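Morning, everyone. I'll put the structure up and go through it piece by piece. Please hold your comments until the end.

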Amino acid sequence: VLLPWLPVYKVHAQTRALQRSKIRLPRAGKIGKIMAKFVVAGKVDCAAYARAELLADQLQSCLPDFHVHKVPVPSAEWAQWVREECEERGWVGHCGDVLVWRELVKRGGRGVYVGGVREFQDYASHYHNVTPLTDSVAERNIAEENRQTLEANQLEVESRTKPHPLRVAVTSASSFMAYHLLQRLALGDVFGDKLISLRLLDTPTHSDEVSGVAMEITDMASPSVESVHCTSSVKEAFQLASVVFVLEQWEDGGGDIQNGEEIEEAGGEDAERKEEEEEVRKNEDEGEREEDKEKEKDGGVKEEGEEKPGASETSSHLEEAATLYQKYGATLDFCAQKSVRVIVSGRLSNLGAAVIARTASSIPRTNIIAAPSLVEQRSKSVVAGKLRLNAADVEQVCVWGRCGGGEGVLVDVGNTRVHCYQGAIVGPDPFSLPLAHCLHDPDWLASSLLGDVRKREREERGGGGLSEAVAIAEMVRQWMDPNNESRVWCSVGVVSEGDCYGFPEGVVCSVPARREGGEWKVVQGLEPTPNIQEQLLSKETH
């Protein structure tokens, strides 16, 4: 049974509610006859579009069968959007910041053109007897709210569809080593398919060189690089960083300090700089002659405690380095992600990693390492040269204690294994033999190996940093690879927890480690060779 009073009751209830809002309504008899779906499109930040929205809301609130679909379009895209829409629907001559049309809900088709905001107002007044409420302040507020909402929605869509880049910071970005490392990073050799955003940190005096490097990376057009940003601010470089490469190369006895601040170079003039460089070269030559004499006297092993002239890190040098690393640690603790991974390279990498780990207390110690990989790779090359093999065929060379090379570094081949050795026993890959079964020269292993490694280091000094960059890149690649659970260990400078081959807690020392569960785990149970055991905890090693 139909109740004729029910629709009238609904109309009266709506009428009373809308009268309280001071909106003029059509006569009750017309409401039930309206079946309409209107589309209101316009510039998102335009006041005219806000006025059309208000009018559409009025109609929708008082007419049960009146439905509105709003299409806010960014201002920069409006001209093209409205042109394409009108061409598709066959409407000619439309202009303005608002476009309104009525969809034919039941019949389909291209819709009925209404016009702009003025035509929409005339339509509402003529057909529905609704007069729009105009308020210029409210219209401006709505326009601004529309703009902010559209931007927020666009950011949300981008965040869903576009992966967040991995922020990678590189210090001393003007150095040769950074140049080679950045190439590997840009080519995806380290982080694979992950998108990265590079932050290049150096002093303002090196801004031109760093800008040139950034341009070269951009010119590579690598799909792995989302952006490259140059800065001299440590805070800006480390902001939300996921991986940080600390590449300060402290020269023996001093050198430029690249810490994101303007620091004068010694002397300042080219002539004085040349004199200092000449003096350093003389000291190095004298040091090499002294070491050669000691080798002849002691069978190639230098007495611990003796120092090569010009090669000792002075107290002021160490203080400057510690201050810089302390600043890095404090900034990382405040700005970087708590899961950031920090790898420290250079002659003072042990000191740098220890100071950063102590200063950045909120970052797990396992996420901060020093890189002895260059010393390890160099030792592999020396051993492989002795065997006439490729250096890649030598594995598990252990660097104990110091990571940055120089005096005090200890190389242990007691657990080293060799692949592809053509001896009496052969086997398919990954078959390998202990080094002692391949190299039958125990005297060279015990007394001359370390000397040859140090000699190779001196010969490589002044090079382009390519080998060190590749070694660090490979180390981080293994560290970041979630599927890398290798049976082979390598040398890693870790922060000792007190159970690390006798090294005191908090000391950064190079030990054998294997990647497990995204962390470097110390391989326990290996026994250093006797001559290494005697020097393992010496003062120079630390």
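Start with α13 and α16: these two helices are roughly perpendicular to each other, since their angle of about 110° falls in the 65 to 115 band, and that is therefore the label they get. This is a predicted model, so take every value here as computed from that prediction. Helix α13 covers residues 373-387, and its axis lies 8 Å from that of α16. The crossing of α13 over α16 is right-handed.

Who makes the contact? On the α13 side, the residues are S373, L374 and Q377. On the α16 side, they are S467, E468, A471, I472 and M475. By class, that contact divides into 4 nonpolar, 3 polar and 1 charged.

Stay on α16, and bring in α7. Helix α7 runs over residues 176-186, and α16 over residues 466-480. Their axes come within 8 Å and cross at roughly 40°. Which label fits that pair? The two helices are oblique to each other. An angle of roughly 40° is neither under 35 degrees nor in the perpendicular band, so oblique is what remains. The α7 and α16 crossing is right-handed.

In α7, the contact residues are M177, H180, L181 and R184. They meet L466, E468, A469, V470, I472 and A473 in α16. Here the classes come to 7 nonpolar, 1 polar and 2 charged. Now put the two contacts side by side. E468 and I472 are listed for α16 against α7, and E468 and I472 are listed for α16 against α13 as well.

Next, the aromatics. How many aromatic pairs does the structure hold? There are 9. Take one of them, F38 with F120. The ring centres are 6.1 Å apart and the planes sit at 35°, so this pair is tilted. The reasoning is simple: stacked needs under 30 degrees and edge-to-face needs over 60, so 35° lands between the two.

Where do the two rings come from? F38 is in strand β1, residues 36-43, and F120 is in helix α5, residues 117-128. The pair therefore ties together parts that are 82 residues apart in sequence. Are these two residues buried or exposed? F38 is buried, at a relative accessible area of 0%. F120 is buried too, also at 0%. Ring pairs also take in other residues: F38, F66, F120, Y123 and Y127 are linked into a cluster.

On to the loops. T416 sits between β13 and β14. T416 counts as buried because its relative accessibility is 1%, and the cut-off is under 20%. What does T416 touch? Leaving out residues up to four places away in sequence, the contacts are V394, E395, Q396, V397, L433, P434 and L435.

One of those contacts, Q396, deserves its own stop. Q396 is in the loop between β11 and β12. Q396 has a positive phi of about 65°, although it is not a glycine. With a relative accessible area of 11%, Q396 is buried.

A221 makes a useful contrast. A221 also has a positive phi, about 50°, and is not a glycine. A221 is in the loop between α8 and β7. But A221 is exposed, at 64% relative accessible area.

Another exposed alanine is A424, at 87%. A424 lies in the loop between β14 and β15. From A424 to C438 is 14 residues in sequence and 9.8 Å in space, C-alpha to C-alpha.

Then Q533, in helix α17, residues 530-535. Q533 is partly exposed, with a relative accessible area of 44%. Its C-alpha is 9.7 Å from that of W400, and the two residues are 133 residues apart along the chain.

Finally, the whole chain. The secondary structure comes to 17 helices and 18 strands. The protein has 542 residues, and 45% of them count as buried. Consider contacts between residues at least 6 apart in sequence: 72% of these join residues at least 24 apart. The F38 and F120 pair, with its parts 82 residues apart in sequence, is one example of a link across the chain.

That's the tour. Over to you.

How values were computed: Residues numbered from 1 in each chain as written. Predicted model: local features only at pLDDT ≥ 70, side-chain atom pairs only at ≥ 80, totals over all residues. Heavy atoms only, no water. Axes fitted to C-alpha atoms, helices over the stretch in contact; angles between N-to-C directions. Helix = DSSP H or I, 4+ residues; strand = E, 2+ residues; numbered from the N terminus. Parallel < 35°, antiparallel > 145°, perpendicular 65-115°, else oblique. Left-handed = near helix turned anticlockwise from the far one by under 90°. Contact = heavy atoms within 4.5 Å. Nonpolar A, V, L, I, M, F, W, Y, C, P; charged D, E, K, R; others polar. Phe/Tyr/Trp six-rings, centres within 6.5 Å; stacked < 30°, edge-to-face > 60°. Buried < 20%, exposed > 50% of the residue type's maximum accessible area, 1.4 Å probe, protein only.
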